[in-house]
Amino acid sequence: MDPTQRLLGACRGEPVDRPPVWLMRQAGRYLPEYRAVREGVPFLEMCRDVDKAVEVSLQPVRLVGTEAVIFFSDIFVPVAGMGVELDFQPGPVLAEPIRKRAQVEALLDVDPRESVPFVFQILRTLRRELESQAVPLLGFAGAPFTLACYMVEGQGSRHFSTVKRMMYREPQLFDALLDRLTTMTIAYLTAQIENGAQAVQLFDTWAGMLGPEDYRRFALPTHRRIAEVLPRDRAPLILYVQNGGHVVDEMIEAGSDVISLDWRLDLADAAKRAGSRVSIQGNLDPTALHAPPEEIERRVREIAAAGSAARGHVLNLGHGCHPDTPVEGVRAFTDAARALGGEA
Ligand code: CP3
């Protein structure tokens, strides 16, 4: 079974020899080879540089044995394409946070193929490079709620109270922003699939800070709309929410093929609930990659055993790889996945 069959099979709940493995933020600062390419290049410039982006996207396969490639970019790249002025310091910072209706209306309704053409060049190049090894290529986008968090706040925040104020005091304005972002996300992911992405992940990192009622009101409808419209027969959809233990049932109902979970919940319980309806992805704590290799291997076996209650399981972290992660820990993680059995 080749890595593409294994990943797509696990996403769709078809029989596979063992769970495939990749890591969120697998191309990143923990790799000296990434830092060497990145040296002196501003982050957004790196995202627009096709050769460099392709090079760092491919590094983890060779250096740490991951079994899928996620193209190097950031969830805010297409937002810049909507005419929003932003910079990375190192997280996204907007020159003018979106607070008024006129600003929502002024967001450009552009085709991502025209506003961020380099993304699709990166994907096409990666797909060509990966074809011979049958390594699958993943696309991704930020979910509307998570994008809106930064766009309204202007930058990252502990409580996102400015966003929540808009949500509670001006829900129609917030809906209008979510609507524009949902339309953009659908166009962006569809274009990624057309340009070589074989599965796509929707990052709704911050939706987990919503209580169940607000999650159902503001996040779930956007997930549903995206899941309904994307050509999922061509590329399965993975939905990631951080801190989503209280909304697992809502994640299952969103209509994606896979739900990606973090380490704060009981994976065996989530897998049972997912059952035959969706596959699951996760969920090692990224800081556990500091543990000795035997401990990482033990945890991978536990996670795989818990995950086996769902129709399919993709091994991953519960959130992105941190910059201080030891490379040996990442290697121990992917080795442990291969030690679960199956063909080489
Ligand atoms: O998974 C991958 O490797 C694909 C690439 C990717 C990046 N960011 C690269 C990146 C993806 C999928 C993201 C997602 C992302 N970006 C999210 C959602 C998921 C999550 O991790 O929470 C969010 C909220 C962002 C916004 C963002 N971009 C922040 C908060 C930061 C700064 C914090 C940090 O981790 O450095 C970024 C910068 C960023 N995005 C870097 C990378 C590799 C670091 C840039 C650098 O090398 O200095």
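## Close-up views of a predicted model

**View 1. Glu96, an exposed loop residue.** Glu96 counts as exposed because its relative accessible area is 59%, over the 50% that the term requires. Keep in mind that this is a predicted model. To find Glu96, look in the loop that runs between strand E3 (92-94) and helix H6 (101-106).

**View 2. Glu96 and Leu267 in one frame.** Here we step back to take in a second residue. In sequence, Glu96 and Leu267 are 171 residues apart. In space, their C-alpha atoms are 40 Å apart.

**View 3. The ligand and its shell.** Now we turn to the ligand, which takes up the space of the largest pocket. Around the ligand there are 23 residues, and those that come nearest are Arg25, Arg29, Tyr34, Arg38 and Asp74. What is the make-up of the shell, by nonpolar, polar and charged residues? The shell divides into 14 nonpolar residues, five polar ones and four charged ones.

**View 4. Polar side-chain atoms beside ligand oxygen atoms.** Three side chains are worth a visit here: those of Arg29, Arg25 and His319. In Arg29, a side-chain N or O atom is 2.4 Å from an oxygen atom of the ligand. For Arg25, a polar side-chain atom lies 2.6 Å from a ligand oxygen atom. His319 also takes part, with an N or O atom of its side chain 2.8 Å from an oxygen atom of the ligand. As for cover, the ligand taken alone exposes 860 Å², and the protein buries 88% of that area.

Terms used
Residues are numbered from 1 along each chain as its sequence is written. This is a predicted model: local features need pLDDT of at least 70, side-chain atom pairs count only at pLDDT 80 or more; totals for chains, interfaces and linings use all residues. Side-chain values use heavy atoms; hydrogens and water are left out. A residue is near a molecule or strand if one of its heavy atoms lies within 4 Å of it. A polar contact is a pair of N or O atoms within 3.5 Å; within protein, one must be able to donate a hydrogen and the other to accept it, and residues adjacent in sequence count only if both atoms are side-chain atoms. Accessible areas come from the Shrake-Rupley method with a 1.4 Å probe; for residues, only the protein chains shown count as cover. On a 1 Å grid over the protein atoms alone, a cavity is a set of points where a 1.4 Å probe fits but cannot get out, and a pocket is an open set with protein on both sides within 12 Å along at least five of seven lines; lining residues have an atom within 4 Å of a point. A molecule sits in a cavity or pocket if more than half of its atoms lie within 2 Å of its grid points. Ala, Val, Leu, Ile, Met, Phe, Trp, Tyr, Cys and Pro count as nonpolar, Asp, Glu, Lys and Arg as charged, and the others, Gly among them, as polar. Helices (H or I, at least four residues) and strands (E, at least two) are DSSP runs, numbered from the N terminus. Buried means under 20% relative accessible area, exposed over 50%, partly exposed in between (1.4 Å probe, protein chains only).
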